Amino acid sequence: MTTVLALTDSTEDIQHFCPAGSTFVFRIRLLPAHEHTYEHFEEIYRSLKESCDLSTIDVVVAEYAESLPLLYFMRRDGYSCPALMIPHNNPYPLHILCYFLLVAAHAHPGDLVLCGSRHAQRAYEHLTGIPARALCTFGISDVYRPLPRDASR
């Protein structure tokens, strides 16, 4: 049985990605810019290590940029398993790019970034060398359809 570590703020999304196997959810939250410090992420990582045996994890679902430093710390400490990264934004803000470069320094061949556009896919692949796929990572109802161009005028 596969054991998934979900670094997220919501279990709803994870149920879609991890329908089978055992899932351990470690809740993270979106952080204001002033809390994006090495020391703060080390503290969160210590809490993660205390709450879960990381040696039993087969795959990590890393949602949001805040999960990337935790994934980096795991890899730095020798826990190497593939990760599905879902940043929900483009890699251009400097802190996000730095987090991805840290992860890329310890990349796993099975890593994958899910991003919302082909432009973001190309950027992630070019900047980090980590494979990416353009996939809508936020909910869009199928009731929305493009209007005829004449209607927009």
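The questions and answers below walk through salt bridges, strands and aromatic pairs in this predicted model.

Student: Let's start with charges. How many salt bridges does a search of the whole structure find?
Tutor: Good place to begin. Side chains of opposite charge can pair when their charged atoms come close. Searching the whole structure for such contacts, the number of salt bridges found is five.

Student: Which residue meets Arg29 in a salt bridge?
Tutor: The N to O distance in this salt bridge is 2.7 Å, which lies within the 4 Å cut-off. The partner's side chain meets that of Arg29, and the partner is Glu35.

Student: Is Glu35 buried or exposed?
Tutor: Let's take its salt-bridge partner as well: Arg29 has a relative accessible area of 46%, so Arg29 is partly exposed. Glu35 has a relative accessibility of 18%, and the limit for burial is under 20%. Glu35 therefore counts as buried.

Student: What is the distance between the closest N and O atoms of Arg133 and Glu125?
Tutor: These two residues form a salt bridge. Arg133 is partly exposed at 43% relative accessible area, and Glu125 is partly exposed at 30%. Their closest N and O atoms are apart by 3.7 Å.

Student: Which residues are joined into one network by salt bridges that share partners?
Tutor: One of the bridges to look at is between Arg76 and Asp77, with the closest N and O atoms 3.2 Å apart. Arg76 is partly exposed at 35%, and Asp77 is partly exposed at 34%. Through shared partners, the network is made of Lys49, Arg76 and Asp77.

Student: Now the strands. Which residues of strand E4 are buried on its two faces?
Tutor: Strand E4 spans residues 83–86, and both of its faces are covered. On one side the buried residues are Ala83 and Met85; on the other they are Leu84 and Ile86.

Student: How many bridges join strand E3 to E4?
Tutor: Strand E3 covers residues 59–63 and runs parallel to E4. Within this pairing, Val60 stands opposite Ala83 in E4. The number of bridges between E3 and E4 is four.

Student: Which helix does the chain pass through as it crosses from E3 to E4?
Tutor: The connection is a β-α-β crossover, and it is right-handed. The helix on this path spans residues 68–76, and it is H3.

Student: Which residue in E5 stands opposite Leu84?
Tutor: E4 is also joined to strand E5, residues 112–115, by two bridges, and these strands run parallel. Opposite Leu84 stands Leu112.

Student: On to the rings. What is the angle between the planes of Phe41 and Tyr99?
Tutor: There are five aromatic pairs in the count. In this one, the ring centres are 5.6 Å apart and the arrangement is edge-to-face. The pair links helix H2, which holds Phe41, to helix H4, which holds Tyr99, across 58 residues. The angle between the planes is 80°.

Student: What kind of aromatic pair do Phe100 and Tyr124 form?
Tutor: Their centres lie 4.7 Å apart, with 55° between the planes. Phe100 is in helix H4 and Tyr124 in helix H5. Phe100 is buried at 0% relative accessibility, and Tyr124 is buried at 0% too. An angle of 55° is neither under 30 nor over 60 degrees, so the pair is tilted.

Terms used
Residues numbered from 1 in each chain as written. Predicted model: local features only at pLDDT ≥ 70, side-chain atom pairs only at ≥ 80, totals over all residues. Heavy atoms only, no water. Buried < 20%, exposed > 50% of the residue type's maximum accessible area, 1.4 Å probe, protein only. Pairing = 2+ DSSP bridges. Right-handed = clockwise from strand over helix to strand, strands pointing away. Phe/Tyr/Trp six-rings, centres within 6.5 Å; stacked < 30°, edge-to-face > 60°.
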